[in-house]
Every structure is written in structure tokens, then in C-alpha cells.
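Subject: Structure for you to look at

Dear colleague,

I am passing on a protein structure that you may like to open alongside this message. Please look it over at your own pace, and then read the notes underneath.

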Amino acid sequence: MIQRELIMIKNLMFAVALLSLALAVGCAKGGNGIVPPPVTIDITTPTNVNALAIYPTQSLTLTATVSNSTSTAVTWSLSPSTGAGVLTPVTPPTTPATATYVAPATPVSQVTVTATLVSDTSITGTLGINVVDITTDVAPASLSVGNGL
């Protein structure tokens, strides 16, 4: 009889351990077992501007929209750190966060603008910009003046 009681106690302890584990996992996810969506940052530009290619010294307004977070403050950074132009956050800070980018006077193949969430610096959003040279074509390539008049 004692052997049977020990087996029942072991089974009861195992069931309590499984129930505790199930409750702990559910509580770790907000109590309802649903994992919240991840926090993201999207950097956008006005719809009438092609953000992937701009001309030297052209300016561009950038907006960083933070999703799935009550904290929306970001810090802005520019890569490469030299020769990529100037990035100026709008002050006082706005919601959503806004900055103005001014391209350098010479073309740059790839500039990366990064917005980093102040409350969690592991969360970033990026936007790539190419600063392209202004070129002109003259046609025709040669012109004769005074012949065949």
C-alpha cells in the first residue's frame, strides 16, 4: 500500500510541476499567452520625393515612425560619418520624429540614415540614400555653322 501511495504522490508532484510550468510560460507573455508584435521603426520621406536617389546639396525631410511602442523618441545618425552630408533633427522633438537631411556637394554612392529608439538602442530603422551627380547631354554631339545655307 505504501508503494502505491508513493507512486500517486510522484504523479501528483509531476502534474503540479507541469501546471506550474504552463502558468509561468503564460504569465511571461503578458498572462494571456499572446506574444506582442515586435517594435519597429520605419523611416519615410514625402511621397513626391525619390528617397533612393537625390542630387548634391538637395535636402530631404525624413520621418521615423515607431510602431508597437509607447516610447517614440529616437536618435538620428548618418553613415559614413564624414562626407555623407548633414542630418539635423527637428527641434523641439516631434511625434513622429522628424529630421532634415542635406546631401553633400559631391556624389556619394551609399548613405545610410539610422533612427535608434532611445528607450531600447537595439531597435533601429534605416534608409539608404544615393547622392547622384547631375549630368547633361547635348545633342547633336557636333554642329556645323554656316555650311549649306
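What follows is an account of what was found, going from the whole chain to a single residue.

Please keep in mind throughout that this is a predicted model. The secondary structure consists of one helix and eight strands, and along the sequence these elements come in the pattern α-β-β-β-β-β-β-β-β. The protein has 149 residues, of which 23% count as buried, while its exposed surface comes to about 10,400 Å², with carbon and sulfur atoms supplying 62% of that area. If you take the contacts between residues at least 6 apart in sequence, 60% of them join residues at least 24 apart.

The sheet is a good place to continue. In general, the strands of a sheet pair through backbone hydrogen bonds, and they do so either parallel or antiparallel. Here, four strands form an open sheet in the order 1-3-6-5, and the pairing is antiparallel. Strand 1 and strand 5 (86–89) stand at the edges with a single partner strand each, so one side of each is left without a neighbour in the sheet. Neighbouring strands of this sheet are turned against each other by 25° on average, if direction is ignored.

You can follow the sheet from one edge to the other by its bridges. Strand 1 (residues 40–44) is joined to strand 3 by five bridges, and within this pair I43 stands opposite A64. Strand 3 then pairs with strand 6 (residues 97–102) over six bridges, again in the antiparallel sense, and here T61 has T100 as its bridge partner. Finally, strand 5 and strand 6 are paired over four bridges, with L87 standing opposite Y101.

Strand 3 (residues 59–67) also deserves a look for its two faces, since L60, L62, A64 and V66 make up a covered face, whereas S59, T61, T63, T65 and S67 make up an uncovered one. The two residues named above for this strand therefore fall on opposite faces, A64 on the covered one and T61 on the uncovered one.

The last point concerns T114, which is found in strand 7 (residues 108–117). Is T114 buried or exposed? T114 is buried, because its relative accessible area is 15%, and the cut-off for buried is under 20%. Leaving aside neighbours within four places in sequence, T114 is in contact with I43, T75, W76, S77, T124, G125 and T126.

With best wishes

How values were computed. Residues are numbered from 1 along each chain as its sequence is written. This is a predicted model: local features need pLDDT of at least 70, side-chain atom pairs count only at pLDDT 80 or more; totals for chains, interfaces and linings use all residues. Side-chain values use heavy atoms; hydrogens and water are left out. Buried means under 20% relative accessible area, exposed over 50%, partly exposed in between (1.4 Å probe, protein chains only). Contact means heavy atoms within 4.5 Å. Accessible areas come from the Shrake-Rupley method with a 1.4 Å probe; for residues, only the protein chains shown count as cover. Two strands pair if DSSP finds at least two bridges between them. Axes are lines fitted to C-alpha atoms, for helices over the stretch in contact, and angles run from 0 to 180 degrees between N-to-C directions.
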